[in-house]
Amino acid sequence: IIPNTIENQGILPTNDFNVTFQFAPEKSPNNITFLGKIRMSDIAGGEVRDQRTKFTVPTNIKPSRYFIRVVVDSDNELFESNEDNDFYSSKQVYII
C-alpha cells in the first residue's frame with residue numbers, strides 16, 4: 001500500500017487523468033519498472049486528496065533499494081500552466 005497525496009495547485013478543476021506509479025533504482029526516469037496506474041477525476045482547484053493505493057510488487061523486481069516514482073497526468077491529458085510539478089520520487093525503500 002502506497003500512501004499518496006494528489007493536489008490540484010491550480011485554480012480550475014481538472015478533467016480525468018492518470019497517475020502512474022513506478023519503481024526506479026534512481027530518482028531519474030531511467031530503468032523504471034511499471035507498478036500500476038490509477039484514474040483520478042474532478043479535482044477542484046486547490047483541492048488535496050489523500051489516498052492509499054494498493055499494488056502488487058512485480059515478480060521481476062530483484063531485492064534492492066528503489067525509489068517509488070509517481071507521475072501525475074502521465075498521459076498528458078490535462079492542460080497545465082506548470083508541467084514541471086508532475087513528478088515525485090519517494091525516499092528509497094528496500095524491496096526483499
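**Figure 1. Strand E2 is enclosed in the predicted model.** Eight of the eight residues of E2 are buried, so the strand is largely enclosed by the rest of the structure. E2 spans residues 17–24. Burial holds on both faces of the strand: one side carries Phe17, Val19, Phe21 and Phe23, and the other carries Asn18, Thr20, Gln22 and Ala24. In a regular strand, side chains alternate between the two faces of the sheet.

**Figure 2. E2 pairs with strands E3 and E5.** Strand E3, residues 33–40, runs antiparallel to E2, and seven bridges connect the two. Within this pairing, Phe23 is set opposite Thr33 of E3. The pairing of E2 with E5 is also antiparallel and comprises six bridges. Here Gln22 has Arg69 of E5 as its bridge partner.

**Figure 3. Surroundings of Thr20 in E2.** Thr20 has a relative accessibility of 6% and therefore counts as buried, the cut-off being under 20%. Its side chain forms a polar contact with the side chain of Ser74 at 2.6 Å. With neighbours within four places in sequence left aside, the residues in contact with Thr20 are Phe34, Gly36, Lys37, Arg69, Val70, Val71 and Ser74. Of the residues listed, Arg69 is also the bridge partner of Gln22.

**Figure 4. Contacts of Val72 in strand E5.** Val72 belongs to E5. When residues up to four places away in sequence are not counted, Val72 touches Ile6, Phe17, Asn18, Val19 and Asp86. Among these, Phe17, Asn18 and Val19 are buried residues of E2, with Phe17 and Val19 on one side of that strand and Asn18 on the other. Met40 lies 32 residues from Val72 along the chain, and the C-alpha atoms of the two are separated by 9.5 Å.

**Figure 5. The largest pocket and its lining.** The largest pocket holds about 850 Å³ of space. Its lining is made up of 30 residues, of which Glu7, Asn8, Gln9, Glu80 and Asp86 are the closest to the pocket centre. Strands E1 (2–7), E5 (64–72) and E6 (87–89) are the elements that contribute two or more residues to the lining. E1 gives the most, with six residues. Sorted by class, the lining contains 15 nonpolar, 11 polar and four charged residues. Asp86, one of the residues closest to the pocket centre, is also touched by Val72.

Conventions. Residues numbered from 1 in each chain as written. Predicted model: local features only at pLDDT ≥ 70, side-chain atom pairs only at ≥ 80, totals over all residues. Heavy atoms only, no water. 1 Å grid on protein atoms, 1.4 Å probe; cavity = no way out; pocket = protein on both sides within 12 Å on 5 of 7 lines; lining within 4 Å. Points joined across faces, edges and corners; volume = space filled by probe spheres on them. Helix = DSSP H or I, 4+ residues; strand = E, 2+ residues; numbered from the N terminus. Nonpolar A, V, L, I, M, F, W, Y, C, P; charged D, E, K, R; others polar. Contact = heavy atoms within 4.5 Å. Buried < 20%, exposed > 50% of the residue type's maximum accessible area, 1.4 Å probe, protein only. Polar contact = N/O pair within 3.5 Å; in protein donor to acceptor, adjacent residues only side chain to side chain. Pairing = 2+ DSSP bridges.
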